[in-house]
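I sat down with this one to follow a single sheet and whatever packs on it. My notes are below, in the order I looked things up.

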Amino acid sequence: MTDRIANVEVRSLAGDEGRRQAFALFRQSMLGIPDIARSSADAETAYLAGGEPLGGFINGELQGVVNGYDSAVVVPGGNLVSHLAVTHVAVSPMHTRRGVARHLLTEQLRRAHRQGFVVAGLRASDARIYGRYGYGIASWSVRQEVDLSNGGQFFPERRGDVRRVDALASFDLFRRIAKNAPASRAATLVRWDAWWTIQEFRTRLSSVPHYAVVVGSEGAERGYLRFHVQPSDNWFTSPQRTVIVDDFIAYDGDAWRALLGHVLSQDILHKVILPSRPVDDPLPVLVDNPRAVQTSELRDESWIRPLDLGKFLNARKFGGSDRVVIQIDDPLIAANHGVWSIGADGATRSDERPSLKLSVETITELAFGAQPPTALAAAGRVQADQATIEALSLLFATDLKPHSGISF
C-alpha cells in the first residue's frame, strides 16, 4: 500500500535562488537533464527567469517541484487563448508515489485558474499520469524519415528568396518570423523567452554543425528551417549522411515547399529526419516516390487542460447547425462543472437535459480535433446515439490536424 503524505506544504519559489533550487531538484530527479549553470550561469538565469515554480515541502525540505511559463495556444479557427506551459515536474526519488506531485499539480491548476489562464498545457513524460488532473491529448505528432537515395528528393525551381543564415547568430530573426506566423494549426504555441533561450543554448554548445535557411525577402521572411548534422564517425565516407530538422515554420504552402526543397535537394545527403510533424503532413505527396517517406512513432504531443471552459470553448469556431447539450465533469474546477449547450454560435450554460456526459479531458480532445467523435465513441469514451455523434462530428470538425511541433 502506498504511503500517502498529508502534510505537503506548497509554496512559491520566487526569485532567482528559488528558481535555481527548483531546477536543481528537477535535474536530479530526471537524471538525464544537464546542469546548464556549469556551462553558463547566465544562460540558466535567463532560462529560469520567466518561470513561476512551486515547491512541495515536507518538514521544511523541498521534495517536489512544478514550473510554468506564460504563453498562448491556437485553437481551431485561429484564435489564441492564454496558456500556462507546465514543465519541470519532479519529485525527489525518496518521496515518489506519496502524493507530492498530486498536491503540486492540483495547486498549480487552481492558482492558474485564479490568475485568469484559459488553459494549461504540458508534454508528458508518462502518458498515464496527467489524465487524472483533467489534461487531454490535444495533438499528436509523427516522425518522418526521407530516403533521398530512393526518390525522396525534391528540386524546386531556382528562386532568389531562399537564403542560408547563421544558425546561431540569427535567433532574433527566428523570433520575429515565429511571432508573425499565421495561426493556421490548432495547438500551435506562442514561444516564450525561456524556450528561445534553451534553443540558443543547445545550438551554441552542440558538438555538431547547425544550419538554417529562411524564405522571403529581407525584412519580409515567411518561414525558416533549422537543422543539424547527425553525428558520424566519418561524414565524408558515410553511406548514411543524415540531417535532423530542429524547428520548421512556414507561413504557407509556397514557403513550405521552398524550405523543404533546400534540404531535400542536397546531393551530399542520404537522409533527412523530421522528428515531429503533423499526422496529416503532405510530405509524402511532395516527393517523386511516396515510399521514400517513412512515417513512424505516432505519439501524444500536446496535453491541455481547460481552466476557464467557457472562454476556451467560445474561442473555438464550431461547425454544423445543431446544438448538443453536454454534461461536463470537472471535479477540480467547479466553475467548469455542469451542463453546457454547444452550437455554431458558441457555448453557454444550460439547464436542459444533457444528451451525453463527458470528462473535461475528453472535451479537450474533441475541441482541438485531436480525435474524432467516432473514434472516442468506439473507445467507449463518448456514449451517445448516432445522431448525437454525427452532430458532434460537424461541431468539432477541423480542416487541419492539431500540431505544435515544439517540446518544452
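Sheet first. I am working from a predicted model, and in it I found an open sheet of four strands with mixed pairing. Reading across, the order is β17-β16-β15-β18. I then checked the edges: β17 (346–349) and β18 (356–359) each pair on one side only. For the twist, I noted an average turn of 35 degrees between neighbouring strands, with direction ignored.

Next entry: how do β15 and β18 pair, parallel or antiparallel? They run parallel, with four bridges between β18 and β15, the latter spanning residues 324–329. I picked one bridge to look at by eye, and it joins I326 to L356 in β18.

Then the helices. I looked up which strands α9 (residues 360–368) lies across, and they are β15, β16 (338–343) and β18. The angle of α9 to β18 is about 95 degrees. I did the same for α11 (residues 386–395) and again got β15, β16 and β18. Here the angle I have is to β15, at about 85 degrees.

I stayed with α9 a little longer. How many of its nine residues are buried? Eight are, so I wrote the helix down as mostly covered, buried being under 20% relative accessible area. The buried set starts with V360, then T362, I363 and T364. E365 is buried too, along with L366, A367 and F368.

Last note, on the residue that follows: just after α9, G369 has a positive phi of about 80 degrees.

Conventions: Residues are numbered from 1 along each chain as its sequence is written. This is a predicted model: local features need pLDDT of at least 70, side-chain atom pairs count only at pLDDT 80 or more; totals for chains, interfaces and linings use all residues. Side-chain values use heavy atoms; hydrogens and water are left out. Two strands pair if DSSP finds at least two bridges between them. Helices (H or I, at least four residues) and strands (E, at least two) are DSSP runs, numbered from the N terminus. Axes are lines fitted to C-alpha atoms, for helices over the stretch in contact, and angles run from 0 to 180 degrees between N-to-C directions. Contact means heavy atoms within 4.5 Å. Buried means under 20% relative accessible area, exposed over 50%, partly exposed in between (1.4 Å probe, protein chains only).
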